[in-house]
Amino acid sequence: ERNKIYIEVCEAKIGSEYFEEKIVQTFSGAAKTKEVQCETIAVAEKGMVVTPWDLDNPLDASGAEPAETEEPKSPAGKSSTSPTAGEQGEAGAVPSATASSIALAESAAPARSPEEQECHSGAILTSAKLQQDLVVMERILMENIFQPKLAVYRQIPVLIEPVVTSDTEAEEDEEDEDEDEEEKQEEAAEAAEGPAEGAGPRLELLWSYRCDLTRGHSVSSMAWNKVNPDLLAVGYREFVSRGKKKGLACCWSLKNPMWPERIFRCEHGVTAVDFSRARPHLLAVGTASGRVAVYDVRSRQDSALLDSSASLNKHKGPVWQLKWVEQEGGATAGDKEERLMCISGDGRMTQWFIQQRLDCSDVMQIKRTESEKKKSPGERERKSERPLSQQAAGMCFDFHPKDTDIFLAGTEEGHIYCCSCSGEEQILGTYRGHEGPVYKVAWNPSSTDMFLSCSADWSILLWHRDSHSPLLTFTSVTAFVHDIKWAPQSALIFAAVNEERVEIWDLSVSIFDPVLCWAGSPEGNLSSLLFARNAECLLLGDSCGQVGVWLLPSLAVPSTHQV
């Protein structure tokens, strides 16, 4: 209708003098871009070798073989071969034809639906073969990233990749090498003149065991595997006990410092970890709730192999320390049996038996004591002690390196007890010297009559087994001393960590000042330390959830007569 009206209007204006016909160009509208999301079209190239056999026996588009006429069988019961293959006598053509026919059949097969492709991709991603290949690839990447640091740790040469350069670049490199040699000569001359003011031995950070999972936790304890020196167990708990974050027990490997090999989650903070020596795959874990659990690190499952939750004698306080100890008690004389020892805040020292379930028996109960009268510091205090009804919380223990029947136990009230696992009189002696809780005690591995203790009273004490007063007192800063360890290769060197720094003491150099002080963690407070078993390194754990591996400087090892 509108077109008819328009035609009529145009016809009416033909004779008008005001109407003139002209041609005009109109602009087209702006083009709009519309994006559509779809699956990418996979393109693959395929190639094959076609033999005369394939030309004589083509396949149809559906991939099915063409119908063949039945031929009479030979007297031997075997079907006669194709005339082409038989006349030419090409024995190797038959398997080639079979393989190419299969390839043709695969290429001619219908495409999979998206659901089938998704199921197939999911099966590939969850396959054990892919997981193993990814682990190998991860190991290769970690080795490329940390190779210089790991080489220093293992005391092997660092691999340097050769650089291919042109002639002009080679000349520039030679000039740079000459300048480097001059700088080295100047540094050697300065070193020969004498150390600069304030210079001394330093710790060098190689790498840190940390990840997003451990951030916000505090490192409470560390333990090496007794068989594999590259496997480290670390216990994590909340830095400030508020009960919001769960505990973690992680197994780290030198092959991957960026993510733990095993992760065991606990309902409460982990306070102690230790590997078994007789069964190195067993990891014992103690928590702040008094729970003791044994995990099998060979399994990737998060559940514990054995648990003390069902035990009637379970601890009612935090398990501050646990350790696997070999003691005589086997079927034959001289045979040693490994037992799990724990000390807890409920005042009990227990040994755990691994059977169908985890159960324990008390080794001793620590009682609070007070003296009848004030004694001189060097006088023995045995018979004058009378136990009170209230039990003293146990904080730490350490068994004698030679006689595993004797151990030291530190308490919250600041006392150290020398005890025996067998005999009528369990407490052999009491050592009083600390004014705060004793956090760690450690026998000297070489001079087995000496031991160290550290406390919240900012001090480190050196004791002799036969003297009930400390021989030496080491105090450098006003901070809690959380952990101490003797150096594995020296009887006069030990390390200690407080809230501010780590200290290395060498008694052959000075008994007043440490030979090395280093603020190992600028982000948080240091909480624990551990010497490496097969390297000159020190491991430091802090309140931010990271364990730093630090290279120790070369310290002089004393001779045997100094011990």
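Which residue in β27 does Glu503 stand opposite? Select both strands in this predicted model: Glu503 stands opposite Cys517 of β27.

**Stop 1: strand β26**

Stay with β26 and select residues 502-506. Five of the five residues in this strand are buried, so β26 is largely enclosed by the rest of the structure. Show the side chains next. Val502, Ile504 and Asp506 point one way, while Glu503 and Trp505 point the other way. Both groups are buried. In a regular strand, side chains alternate between the two faces of the sheet.

**Stop 2: the partners of β26**

Add β25, residues 493-498, to the selection. Five bridges join β25 to β26, and the two strands run antiparallel. They form a hairpin, with three residues between them. To see one of the pairs, pick Val497, whose bridge partner in β26 is Val502.

Now bring in β27, residues 516-518. Three bridges join β27 to β26, again in an antiparallel arrangement. Val502 can be picked once more here, as it stands opposite Trp518 in β27.

**Stop 3: the sheet around β26**

Add β24, residues 481-486. The open sheet now on display has four strands in the order β24-β25-β26-β27, with antiparallel pairing. Because β24 and β27 stand at the edges with a single partner strand each, one side of each is left without a neighbour in the sheet. On average, neighbouring strands of this sheet are turned by 15 degrees against each other, direction ignored.

**Stop 4: the sheet from β2 to β5**

Clear the selection and move to another open sheet, whose four strands follow the order β2-β3-β4-β5. The pairing here is antiparallel. Its edges are β2 (217-224) and β5 (262-266); each has a single partner strand, so one side of each is left without a neighbour in the sheet. The average turn between neighbouring strands of this sheet is 20 degrees, direction ignored.

Inside this sheet, select β3 (residues 231-238) and β4 (residues 247-253). Six bridges join these antiparallel strands. One pair to display is Gly235 with Ala249, its bridge partner in β4.

**Stop 5: cysteines**

Which kind of bond joins the sulfur atoms of two cysteines in a disulfide? A disulfide is a covalent bond. How many disulfides does a search of the whole structure find? The search finds zero.

Select Cys250 and display the distance to the sulfur of Cys211, the nearest cysteine sulfur, at 6.3 Å. Cys250 is in no disulfide. Its relative accessible area is 0%, so Cys250 is buried.

Then go to Cys342, which is in no disulfide either. The nearest cysteine sulfur belongs to Cys360 and is 8.1 Å away. Cys342 counts as buried because its relative accessibility is 0%.

**Stop 6: helix α6**

Select α6, residues 128-154. Leu141 lies in this helix and counts as partly exposed, at 44% relative accessibility. Switch on the surface and colour Val136, Met137, Ile140 and Leu141: together they make a nonpolar patch of about 350 Å².

End at Val152, also placed in α6. Is Val152 buried or partly exposed? Val152 is partly exposed, with a relative accessible area of 32%. Add Leu206 and show the distance between the two C-alpha atoms. These residues are 54 apart in sequence and 8.3 Å apart in space.

Definitions and conventions:
Residues numbered from 1 in each chain as written. Predicted model: local features only at pLDDT ≥ 70, side-chain atom pairs only at ≥ 80, totals over all residues. Heavy atoms only, no water. Pairing = 2+ DSSP bridges. Axes fitted to C-alpha atoms, helices over the stretch in contact; angles between N-to-C directions. Disulfide = S-S within 2.5 Å. Buried < 20%, exposed > 50% of the residue type's maximum accessible area, 1.4 Å probe, protein only. Patch = residues over 30% accessible without salt bridge, like charges linked within 9 Å, V, L, I, M, F, W, Y side chains within 5 Å. Areas by Shrake-Rupley, 256 points an atom, 1.4 Å probe, with all protein chains shown as cover. Salt bridge = Lys/Arg side-chain N within 4 Å of Asp/Glu carboxyl O.
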